[in-house]
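Me: I have a structure to go through with you. I want the reasons behind the labels.

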Amino acid sequence: MADPYQNNVYHQGGGDPYGTYGEGGDQEGYGYQGESYPQEEDAASDATEGHDDEDQMYEGEYQGIPHPDEVKAAQRAARAKARQAQAGATELEELAEQYEDIMEDCGHGRFQWSLFIVLGLALMADGVECFVVGFVLPSAEKDMCLSNGEKGMLGLIVFLGMMVGAFIWGGMADKLGRRKCLIWALTINCVFAFLSSFAQGYGFFLFFRLISGIGIGGSVPIVYSYFSEFLQMDKRGEHLSWLCMFWMVGGIYASFTAWGIIPHYGWGFSMGTEFQFHSWRVFVLVCALPAITSLVGLMFMPESPRFLLENAKHDEAWMILKNVHDTNWRAKGQPEKVFQVTHIKAPKTQEDEFIEIQSATGTAMQRWAVRTLTLCKLVLKNVASLLGPELRLSTLFMAIIWFTMAFSYYGLGVWFPDMIKYLQQEEYESKVKVFHRERVERFHFNFSLENQIHREGEYINDKFINIQMKSVKFEDSLFEDCYFEDIESTETIFENCTIRSTVFYNTDLYEERFIDCRLENTTFLHNKKGCHLDIDEENDVLIYLVSFLGSLAVLPGNIISALFMEKIGRVKIIGLSMLISAGCTFFLFLSFSQAAIIAWQCLFCGVSVAAWNGIEVITVELYPASKRATAFGVLNALCKLAAILGTSIFASFVGVTKVVPILLSCTALVCGGLVALKLPETREKILQ
């Protein structure tokens, strides 16, 4: 057989701004070799020995069912006819048509499934990142002595980092390459997630989580753009929806590992009093494993050939497409199938020439500065082009849909667990024991005190040694000649009390715990440093269970949306799912117990995931290859902004009213669902 590489030398001639492969002859548009591909007489592969194509008959031919290859050939012929009818078709549209034909010839097989796993792990890492801080916050709060303001900032900093990362990495992926940017993004995430697990101070921990968020923020826009460019049209919607399932797996993984690791407070070590490595830090390390695994897998994956063709890197693109073709057909037991593409038309853009010219001059620092400045200008130009005449309306509609969906989803995602905590706290406080005007003299307290209020009591010459105080309040009480030693307390305060001649030795009862109290001849010796974790209170298994069930409830919705994405269409799935999700939140008015909240959360997550799948698929399909990751990055950044607003607004109404959060989420989802129905259907659209 003739060597297929000998005819694939890149040529560029005349005034033609497009490079072509091989001796294209008079063929127009596509460079496929026909059945007369040159073969030497005795060059048949061993795999074909004993097989006669004429003797084989397609199984469905007896029933009048056309062979899949015949269906594809008919579809290709119809597209070619439509292209001839459109005399004004641009070169990029011709490239899109040709690329679709190439992907159909490459088939869907081992290569796509390998890439599916690798990119799925990157998406899983994004899902894990959204849960990490929420799970470690109760423990980190005690380890780092965080105030309410600091806790709130730590909860929002991850979304802020992901918002910045989505914008930056999405724009860069359209200029530097999907694979390269994803590798850099995951590397940054892994490094700074590792550093954050060892950070002892709040400032360093906050900074490391911010940079970690910036890194992982690039995974969503790049992953979907990257994977879609290896899929043919009839597989795209379904397999992108299956890919979405990894985000759910990330939530399950985070919930399960948090449940298994964080409550084991002894899983760690310490070096003196200054360096503590408790179980929640082990959990932070474990959460980096999906990103690390994906990073290793990406080392064996190629760049997107569609990106390479858009940037005039024809040789690399051809080799990758040939490798995809050969990998899939070898796995299917047909290694004799030959990759028959002989030339591909693709533009060499002026932007790339500009970078090449500038990077060839000056010192290394000057070249780096020029290249960076040029890259920034190109990214911003690409972002601005999303508001151009052709894309303005689509971008506006998608921005509304992304924002309303994220505002409701992330807002309710915080509100549901917070409301469960609030209901638990209400139930706990309803069981409080009140002691009024008790007088205790010369008594040794050697048992723990919990959920108690002591009013106008008198404690004379008493000892409180080696006990825990949890949710204990002393009001208008007198302590005289008392002794406190080895006390661990949680939410314990002394208000308007008189404390005379009393010693506090090795306790965590700091002076801040004494509100409007009179301290007379009172001594504090060897107070405990730092904050101390109370296992029973902070690591409530129900919170892990709620997050686990919410993530698991996504599974049915994900399966259904994947199976029906091509049959129903993206637009209907998005619109109907958002409207049904709005109904789920409205039904919270009917029942508001802990069990009801968990049930409605599971139903909401199960329905809303179908909308998310449709949104992500249609975002990929609405934008051309040169703007796909940029558009996805901008919209995903807007999504994270909505998440910040939603979580902040919804959390402020916990314990105040349930009406406002429910009405806000309902209104946002209904508006987004109605706007979604105005989008163009893209399920039979070739990826531009």
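What follows is a short round of questions on this predicted model.

Me: Why are H3 and H8 called oblique to each other?
Reply: Look at the angle. The axes of H3 (residues 110-144) and H8 (residues 233-261) cross at roughly 40°. Roughly parallel needs an angle under 35 degrees, and roughly perpendicular runs from 65 to 115. The angle fits neither class, so H3 and H8 are oblique.

Me: How close do the axes of H3 and H8 come, and what is the handedness of the crossing?
Reply: The axes come within 7 Å. The crossing is right-handed. The residues of this contact divide into 20 nonpolar, six polar and one charged.

Me: What makes Asn451 count as buried?
Reply: Its relative accessibility is 9%. Buried means under 20%, so Asn451 counts as buried. Asn451 lies in strand S9, residues 449-455.

Me: And why does Asp516 count as exposed?
Reply: Here the value is 62% relative accessibility. Exposed means over 50%, so Asp516 counts as exposed. Asp516 is found in the loop between strand S17 (514-515) and strand S18 (518-520).

Me: What is the sign of phi in Asn451 and in Asp516?
Reply: Positive. Phi of Asn451 is near 55°. Phi of Asp516 is near 55° as well. Most residues other than glycine have a negative phi.

Me: What makes helix H9 mostly covered?
Reply: Count its residues. H9 spans residues 279-286, and six of its eight residues are buried. They are Ser279, Trp280, Arg281, Phe283, Val284 and Val286.

Definitions and conventions: Residues are numbered from 1 along each chain as its sequence is written. This is a predicted model: local features need pLDDT of at least 70, side-chain atom pairs count only at pLDDT 80 or more; totals for chains, interfaces and linings use all residues. Side-chain values use heavy atoms; hydrogens and water are left out. Buried means under 20% relative accessible area, exposed over 50%, partly exposed in between (1.4 Å probe, protein chains only). Helices (H or I, at least four residues) and strands (E, at least two) are DSSP runs, numbered from the N terminus. Axes are lines fitted to C-alpha atoms, for helices over the stretch in contact, and angles run from 0 to 180 degrees between N-to-C directions. Angles under 35 degrees count as roughly parallel, over 145 as roughly antiparallel, 65 to 115 as roughly perpendicular and the rest as oblique. A crossing is left-handed if the near helix is turned anticlockwise from the far one by less than a right angle, and right-handed if clockwise. Ala, Val, Leu, Ile, Met, Phe, Trp, Tyr, Cys and Pro count as nonpolar, Asp, Glu, Lys and Arg as charged, and the others, Gly among them, as polar.
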